[in-house]
Amino acid sequence: MTRIGTSEHPLRVAVVGSGPSGMYAVAALLDDEDLEVSVDVFDRLPAPYGLVRYGVAPDHQKIKLVSRVFDKAITDERVRFLGNVEVGTDLSREELKRHYHQIVYAVGAQSDRSLGIPGEDLEGSISSTEFVAWYNSHPDLADAHYPLHHERVAVVGIGNVAMDVSRMLAKPVEELAKTDISDAALEEMERSRVREIDVLARRGPVQAKCSPAELKELTEIPGAQVVVDPGDLELDPASEAALEDDRSARKNLEIFRELSEASDEPEKRKIRFRFLVSPVEIVGEEGEVTGVRVEHNVLEPTPERLRARGTGRTELLPVTMVVRAIGYRSERLLDLPYDERRAIVPNLEGRILHPDRPEEVSREYVVGWVKRGPTGLIGTNKLDARETVEKMVEDVPGLEDQGDGDRDPAAVDRILADRGVTVVSYDDWKRLDEVEVAQGEELGRPRVKFPRVEEMLETLEELRAGS
Ligand code: NAP
């Protein structure tokens, strides 16, 4: 029997999800010179790169350039892209195990966290997950509609997603029109009546999770003014101490201080930071949001961190839209083990752990947010993926031949063809990409994205028929 990972018997790997963590895993596998690999990358959507296409804000085209790194990996002759294939629906976990030696789940965190307060399901109360997906033309949100007839909006949370959402709501429509924002969102932004965006942080300015660069960008929006109350910048001793070894917090504080000194420019849209407040109720009339009740907090040291503790003093903010940007959440994936508390697949450095069968070497791995939780920037996934791939490589000598199934990449193609699944290859995607870019060119935009999967598949069919 030949050794797995050699040219006679390459290591067959399935990567489920083509977002940054999955693609960095592919790149790390290709980098190993002692290993012969054959990698299939699955994505439930016809377009690759997940969060880069559907999560990164449309006005952050530079961040999207990371897709060039991923292009290099996906066009390598050892790699295939199988888009429009949903693992769990079109192909089962058991089939993956039969046809691949190792499987890497790189599915990210697709859901949002909820505040768990009354009124969260009123109309006008939405999650940033859906709002971001909507303005980025994610096909799941093709039928969504978020009217922006509101004058005052609350954004809950002070992480980078809250910055993205606030910036998108505050930016002049002429600037957004130069991006690849979805047409549906652009139309709404044209009609937008938003005048004030309240960013609600449950802790203080030193605990803001946003990066200084993202915060700074908010201050540079033409026609918008960021407002900070100087009283909110008086620090408690614990926050003062925390500043010492946190460069990013020091930089943020410097920006907040500068902003707090500015005089009011009444004609401008306002982005108003409010610190030490937690929403306790979203108030509504006839099913629609009319306000958010917040409770004022104080900071309380705990062994882990400075926690927000409610004081009982509340205030009603008359907003008519509430966007919660309080973090993402990975859902249970297939029948894999799931850590309910951390909302991740339990793992040790990427190797999936079966809590009731600790001795089992599973041949299944995780990378990215489903491995470590929804934290870090795109680049964080590079090291994270490398760690998982190191474990995969360590496990190769213990792998057993799975029979014929793992030797023939065409076996999976046959299963999918029998099931009538239209697999979108990377070459197919490039043709769609060209169409999107050409549509954008006419309008001075980087691209106009297809809003629906069906449209992508129909266009492909037309292109195939035409060539
Ligand atoms: P995040 O950085 O974890 O921020 C979540 C925010 O929500 C925090 O301010 C948190 O406050 C607050 N929060 C959580 N639960 C809350 C509750 N029950 N009530 C009130 N506030 C609550 O998450 P994120 O903004 O979703 O970002 C996810 C990751 O993607 C981050 O690593 C981020 O840097 C990254 N990202 C990067 C970019 C970029 O580089 N351009 C853009 C978008 C996202 P506490 O601190 O008090 O918990």
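The paragraphs below lead through the ligand site, the salt bridges and two unusual backbone positions of this structure, which is a predicted model.

A good place to begin is the ligand and the residues that surround it. The shell around the ligand holds 24 residues, and those that come nearest are Asn160, Arg202, Arg203, Glu214 and Gly376. Sorted by class, this shell is made up of 11 nonpolar, six polar and seven charged residues. Helix α7, which covers residues 160-170, gives the most to the shell, with three residues.

Several pairs of atoms can then be looked at one by one. An oxygen atom of the ligand is 2.8 Å from an N or O atom in the side chain of arginine 202, and an oxygen atom of the ligand is also found 3.0 Å from a polar backbone atom of valine 161. In the case of arginine 113, an N or O atom of the side chain is 3.4 Å from a nitrogen atom of the ligand. As for how well the ligand is covered, it exposes 930 Å² when taken alone, and the protein buries 84% of that area.

From the ligand we turn to the charged side chains of the protein, where a search of the whole structure finds 45 salt bridges. One of them joins aspartate 198 to arginine 274, with the closest N and O atoms 3.5 Å apart. Aspartate 198 belongs to strand β8 (residues 196-200) and arginine 274 to strand β10 (residues 269-274), so this pair ties together parts that are 76 residues apart in sequence. Aspartate 198 has a relative accessibility of 0%, and because buried means under 20%, this residue counts as buried.

A second example links aspartate 384 with arginine 372, and here the closest N and O atoms are 3.0 Å apart. Since aspartate 384 lies in helix α14 (residues 380-395) and arginine 372 in helix α13 (residues 369-372), the pair ties together parts that are 12 residues apart in sequence. The two partners fall into separate accessibility classes: aspartate 384 is buried, with a relative accessible area of 9%, whereas arginine 372 is partly exposed, with a relative accessible area of 21%. Salt bridges can also share partners, and in this way Asp59, Asp164, Arg167, Lys171, Glu175, Glu214 and Glu217 are joined into one network. Glu214 has already appeared in this account, as one of the residues that come nearest to the ligand.

A further salt bridge is formed by arginine 309 and glutamate 300, whose closest N and O atoms are 2.7 Å apart. Arginine 309 counts as partly exposed at 38% relative accessibility, and glutamate 300 likewise counts as partly exposed, at 23%.

The last stop is the backbone itself, and which residues have a positive phi although they are not glycines? Asparagine 84 is one of them, with a phi of about 65 degrees, and it lies in the loop between β3 (79-83) and α5 (93-99). Its relative accessibility is 14%, and therefore asparagine 84 counts as buried. Serine 137 is another, with a positive phi of about 60 degrees, and its place is in the loop between α6 (128-135) and β7 (152-156). Serine 137 is buried as well, with a relative accessible area of 7%.

Note on methods. Residues are numbered from 1 along each chain as its sequence is written. This is a predicted model: local features need pLDDT of at least 70, side-chain atom pairs count only at pLDDT 80 or more; totals for chains, interfaces and linings use all residues. Side-chain values use heavy atoms; hydrogens and water are left out. A salt bridge is a side-chain nitrogen of Lys or Arg within 4 Å of a carboxyl oxygen of Asp or Glu. Helices (H or I, at least four residues) and strands (E, at least two) are DSSP runs, numbered from the N terminus. Buried means under 20% relative accessible area, exposed over 50%, partly exposed in between (1.4 Å probe, protein chains only). A residue is near a molecule or strand if one of its heavy atoms lies within 4 Å of it. A polar contact is a pair of N or O atoms within 3.5 Å; within protein, one must be able to donate a hydrogen and the other to accept it, and residues adjacent in sequence count only if both atoms are side-chain atoms. Accessible areas come from the Shrake-Rupley method with a 1.4 Å probe; for residues, only the protein chains shown count as cover. Ala, Val, Leu, Ile, Met, Phe, Trp, Tyr, Cys and Pro count as nonpolar, Asp, Glu, Lys and Arg as charged, and the others, Gly among them, as polar.
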